[in-house]
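Me: Got a model open here and I'd like to go through it with you. Can I fire off some quick questions?
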Amino acid sequence: MDMTSSGQVRRAKRHFAASFYVLGRVDFDDAQHAQQRLAYDAISRADGRITFLLCEHAGVVSIGRGGVRSDIQFSSTELASRNLSLKYVPRGGGCLWHQEGQLAIYPIVPLRWHRLTIGQFATQFRHGVVRALAEQGFPARLHPASQHVLGPGGLVAALGLAIRRQVTQQG
């Protein structure tokens, strides 16, 4: 930080890098382990690097801290016939159905380095999704009572986060 001629404090710009890994179809558990490792690395780094894992999963329903098994309307037999497994994960939110062809984006962000609260990050991320979709000509809006992004046909994106030692990951 430095002072302006009028005595106001001005923060110096902080430069950082972002890494994007496009992984294709990845086993859900493998993606969770990769996030844990990257989050651990982010704790010890001093450069503010943000890492994004982009991938897809086939046949998984993840259940966050806000979800319960009874939220899922498929019986065990129906889950098996659809080749769906259940994974309990330590992230916020309820149940998410991960399907082949659906993009999963896992941001690993050192919040303290970027001077962001969890709420600020979640808001900025959701607004970024809406802007990115608008740039592609797809109308989207924020759901007023959740961490979801909605399009003309309903849910387009859901944000479920786990925060450990001030670093984001999906859970």
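Me: By class, what's in the lining of the largest pocket?
Reply: The lining has 26 nonpolar, 14 polar and three charged residues. Nonpolar here is Ala, Val, Leu, Ile, Met, Phe, Trp, Tyr, Cys and Pro, charged is Asp, Glu, Lys and Arg, and the others, Gly among them, are polar. A pocket is an open set of points on a 1 Å grid over the protein atoms alone, with protein on both sides within 12 Å along at least five of seven lines, and lining residues have an atom within 4 Å of a point.
Me: Any caveats on the model?
Reply: It's predicted, so local features need pLDDT of at least 70 and side-chain atom pairs 80 or more, while totals for chains, interfaces and linings use all residues. Residues are numbered from 1 along each chain as its sequence is written, and side-chain values use heavy atoms, leaving out hydrogens and water.
Me: Which helix or strand gives the most to that lining?
Reply: α3, with nine residues. Helices are DSSP runs of H or I, at least four residues, and strands are runs of E, at least two, numbered from the N terminus.
Me: And which residues lie nearest the pocket's centre?
Reply: Phe125, Val129, Ala157, Ala158 and Leu159.
Me: New topic: how many aromatic pairs does a search of the whole structure find?
Reply: Three. Rings of Phe, Tyr and Trp (its six-membered ring) pair if their centres lie within 6.5 Å; planes under 30 degrees apart are stacked, over 60 edge-to-face, the rest tilted. One of them is Phe74 with Trp97, edge-to-face at 5.5 Å centre to centre and 85° between the planes.

Notes. 1 Å grid on protein atoms, 1.4 Å probe; cavity = no way out; pocket = protein on both sides within 12 Å on 5 of 7 lines; lining within 4 Å.
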